[in-house]
Amino acid sequence: MHYALVTLGAPGHVLSALPMIAELVKNGNRVTFFTIPRFKEMVEAVGADYREVRSALTNNGQADKDIANDMMAELPLRFLSEGAATVESILEGLKDDKPDAVISDAIAIAGRLVANVLEVPLIMLFTSFASNEHFSLCRHWPEYPDTNPARAAALKLAKELAEKYNSPVYDLFGIFEGKGELNIVTQPASFHPAAATFDDSFVFAGPQIMKRVDSGTWEAPAGDAPLMYTSLGTLFNAWPQFYHILYDVVKDMDLRVVSSVGSTLTAEDIGEIPANVKTFRFLPQLEVLENASYFITHAGIGSVMEAAYYGVPMLAIPQMDEQAFTASVMVKAGLGIMIPKEELTPEKLKEGLHELTSNPVYTENAKKLSAELKNLGGAYAAEKVMAFMADRN
């Protein structure tokens with residue numbers, strides 16, 4: 001079988017696709033993987049055929065800076081613009097090499113358009129929460145009027161794409177409540193809200209974990225105290241006050257701390273670093289989590305699932321609506337605790353860390369979920385994809 005994989009040029013989306021793709025290739029399938037040059041080496045390392053796309057989201061980081069102005073208002077336009085920018089280069093790449101199916105990231109609009117134009121099955125890969133009539137994350141988001149400039153521009157572009165590619169009009173709900181003939185969700189059913197209400201086309205395959213190419217090196221602080229890892233992800237790490245509060249709280253705790261601070265802040269921004277803390281611009285997250293006892297996170301769904309895979313309990317400080325929801329699900333699952341960003345104080349962080357490190361229930365729950373996740377992953381997802389195609393044909 002020949003699959004075309006269409007995703008977004010962002011780490012969480014590409015990395016979530018690679019384990020399944022690696023397993024498809026191992027089983028004799030061919031995969032044409034469309035993404036940006038940054039991920040070429042990773043794609044080729046799993047045996048897929050890399051194809052470059054013209055992306056609208058990776059303009060030297062400008063898109064990330066722009067969307068921070070009003071992220072929730074701009075989300076539909078962001079993903080529709082990316083679809084419009086990439087669809088023609090993908091269709092050109094498949095002109096003389098039609099795939100048997102398109103595997104598309106759930107919010108990669110180009111993947112849906114390509115499957116529609118080529119009239120091949122659409123397999124959706126959900127790197128966040130899936131939706132049905134019983135649960136939809138986007139129904140929890142702030143509402144904006146159609147007159148909002150970003151929303152008006154998004155609707156105009158959605159109609160243009162629908163007319164050009166004979167597709168549905170992908171408004172807000174069309175984008176975030178879509179489904180394919182088969183749907184691979186990178187969470188276990190035990191974590192996903194209302195999982196039992198989804199039909200058989202949804203496969204809860206758990207997080208997709210595998211060793212990453214050129215993920216870098218790291219070194220923990222000396223000693224044998226428990227290791228705590230801190231990361232606010234790639235988009236929200238430029239928050240000096242967080243590091244000031246964090247380092248002041250942990251300096252007197254029996255912990256070794258490794259902290260990913262990103263590339264934006266200077267040493268002066270971060271301030272004094274205690275002896276039991278090591279800071280890094282970036283860290284190989286999987287390798288660190290494999291050795292960590294605790295994790296302070298922004299609660300991006302990818303990071304939460306990776307910590308769960310390694311059985312690491314979490315203290316979540318979410319930075320946006322989706323992360324706040326993910327953190328609430330994490331808390332409900334007994335995997336850790338949450339402090340809203342606007343409520344973070346030295347006192348609350350000290351209290352939260354004391355609860356996380358002294359109450360064994362969080363580690364126990366994380367270890368139980370970890371055992372469940374080890375039976376899921378890339379091989380499980382690939383098996384479901386191949387079974388779907390065999391049945392369909």
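At what angle do helix H4 and helix H6 pack, and how far apart are their axes? I shall open with that question. Please keep in mind throughout that the model is predicted.

Helix H4 covers residues 71-93 and helix H6 covers residues 149-165; they pack at an angle of about 30°, with their axes 8 Å apart. Angles under 35 degrees count as roughly parallel, and H4 and H6 are therefore roughly parallel to each other. The crossing in which H4 passes H6 is left-handed. On the H4 side, the residues in contact include Met72, Leu77, Leu80, Ala84, Val87 and Leu91. On the H6 side, among them are Ala150, Ala154, Leu157, Leu161 and Tyr165. By character, the residues of this contact comprise 15 nonpolar, one polar and four charged. As a general point, an α-helix has 3.6 residues a turn, so residues three or four places apart point the same way.

I turn next to helix H8, residues 240-250. How many of its eleven residues are buried? The number is eight, and the helix is thus described as mostly covered. The buried residues are Pro240, Phe242, Tyr243, Ile245, Leu246, Tyr247, Val249 and Val250. What covers them includes the strands E8 (227-231), E9 (256-260), E10 (277-280) and E11 (294-297). Helix H9 (267-270) and helix H13 (346-358) also belong to that cover.

Strand E11 brings us to the loops. Alanine 299 is found in the loop between E11 and helix H11, residues 301-309. Most residues other than glycine have a negative phi. Alanine 299, however, has a positive phi of about 70°. Glutamate 119 also has a positive phi, near 55°. This glutamate is found in the loop between helix H5 (109-118) and strand E5 (122-126).

Which of these two loop residues is buried, and which is exposed? Alanine 299 has a relative accessibility of 0%, and because buried means under 20%, alanine 299 counts as buried. Glutamate 119, at 72%, counts as exposed, since the cut-off for that term is over 50%.

My last residue is aspartate 199, in the loop between strand E6 (182-185) and strand E7 (202-204). Its relative accessible area is 37%, so aspartate 199 is partly exposed. The side chain of aspartate 199 makes a polar contact, at 2.5 Å, with the side chain of serine 201. Farther along the chain, asparagine 132 lies 67 residues away from aspartate 199, yet their C-alpha atoms are separated by 8.9 Å.

Thank you for your attention.

Note on methods:
Residues are numbered from 1 along each chain as its sequence is written. This is a predicted model: local features need pLDDT of at least 70, side-chain atom pairs count only at pLDDT 80 or more; totals for chains, interfaces and linings use all residues. Side-chain values use heavy atoms; hydrogens and water are left out. Axes are lines fitted to C-alpha atoms, for helices over the stretch in contact, and angles run from 0 to 180 degrees between N-to-C directions. Helices (H or I, at least four residues) and strands (E, at least two) are DSSP runs, numbered from the N terminus. Angles under 35 degrees count as roughly parallel, over 145 as roughly antiparallel, 65 to 115 as roughly perpendicular and the rest as oblique. A crossing is left-handed if the near helix is turned anticlockwise from the far one by less than a right angle, and right-handed if clockwise. Contact means heavy atoms within 4.5 Å. Ala, Val, Leu, Ile, Met, Phe, Trp, Tyr, Cys and Pro count as nonpolar, Asp, Glu, Lys and Arg as charged, and the others, Gly among them, as polar. Buried means under 20% relative accessible area, exposed over 50%, partly exposed in between (1.4 Å probe, protein chains only). A polar contact is a pair of N or O atoms within 3.5 Å; within protein, one must be able to donate a hydrogen and the other to accept it, and residues adjacent in sequence count only if both atoms are side-chain atoms.
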